[in-house]
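Trainee: I have a chain to go through. Can we take it question by question?

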Amino acid sequence: QLQFVESGGGLVHTGGSLRLSCAASGFTLGYLTVGWFRQAPGKEREGISCVTGAGGSTSYADSVKDRFTISRDNAKNTVYLQMNSLKPEDTAVYYCAPAKSCRLQPIQSQGSVSWGQGTQVTVSS
């Protein structure tokens, strides 16, 4: 019954920024660990960031570390991903979903995840 709605994607030039939002629908996030994932054309879906339920611990894939920042506002039932210094390699559809422990590398989604539509991020050179 978990449902996430992603938004905030768009088209930007190299070096630009975007802020993605992941809103939980039909339930309360509570202390659920949430991750951001992305899938580029012809590539497997990969985990890029993770945040624990209280927002006190985060993790990132090496490819986005120091450029992306994950955060959450449980009062708004929303998780965010601030993306700075975007590169063409960041072009992908971005999804959010319940994640396993943020200690795990690579970042992994929980089982039985129903992926939503995601939000498209396109970075031009």
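Mentor: Fold, compactness and core follow, in that order.
This is a predicted model, where local features need pLDDT of at least 70, side-chain atom pairs count only at pLDDT 80 or more, and totals for chains, interfaces and linings use all residues. Residues are numbered from 1 along each chain as its sequence is written, and side-chain values use heavy atoms, with hydrogens and water left out.

Trainee: How many helices and strands does the protein chain have?
Mentor: Helices (H or I, at least four residues) and strands (E, at least two) are DSSP runs, numbered from the N terminus. The pattern along the sequence is β-β-β-β-β-β-β-β-β-β. The count is 0 helices and 10 strands.

Trainee: Why is the protein chain called as compact as a globular protein of its length?
Mentor: Take the radius of gyration over C-alpha atoms; the globule rule is 2.2 Å times the number of residues to the power 0.38. For 125 residues the rule gives 14 Å, and the chain is close to that, so it is as compact as a globular protein of that length, at 13 Å.

Trainee: Which residues touch the most other members of the largest nonpolar core?
Mentor: Such a core is a set of buried (under 20% relative accessible area, 1.4 Å probe, protein chains only) Ala, Val, Leu, Ile, Met, Phe, Trp, Tyr and Cys residues joined through side-chain atoms within 4.5 Å. This one has 26 residues, and the answer is W36, L81, M83 and Y94.

Trainee: Which strand gives the largest share of this core?
Mentor: Several strands give two or more residues, including strand 4 (34-39) and strand 8 (78-83). The largest share is 4 residues, from strand 3.

Definitions and conventions. Buried means under 20% relative accessible area, exposed over 50%, partly exposed in between (1.4 Å probe, protein chains only).
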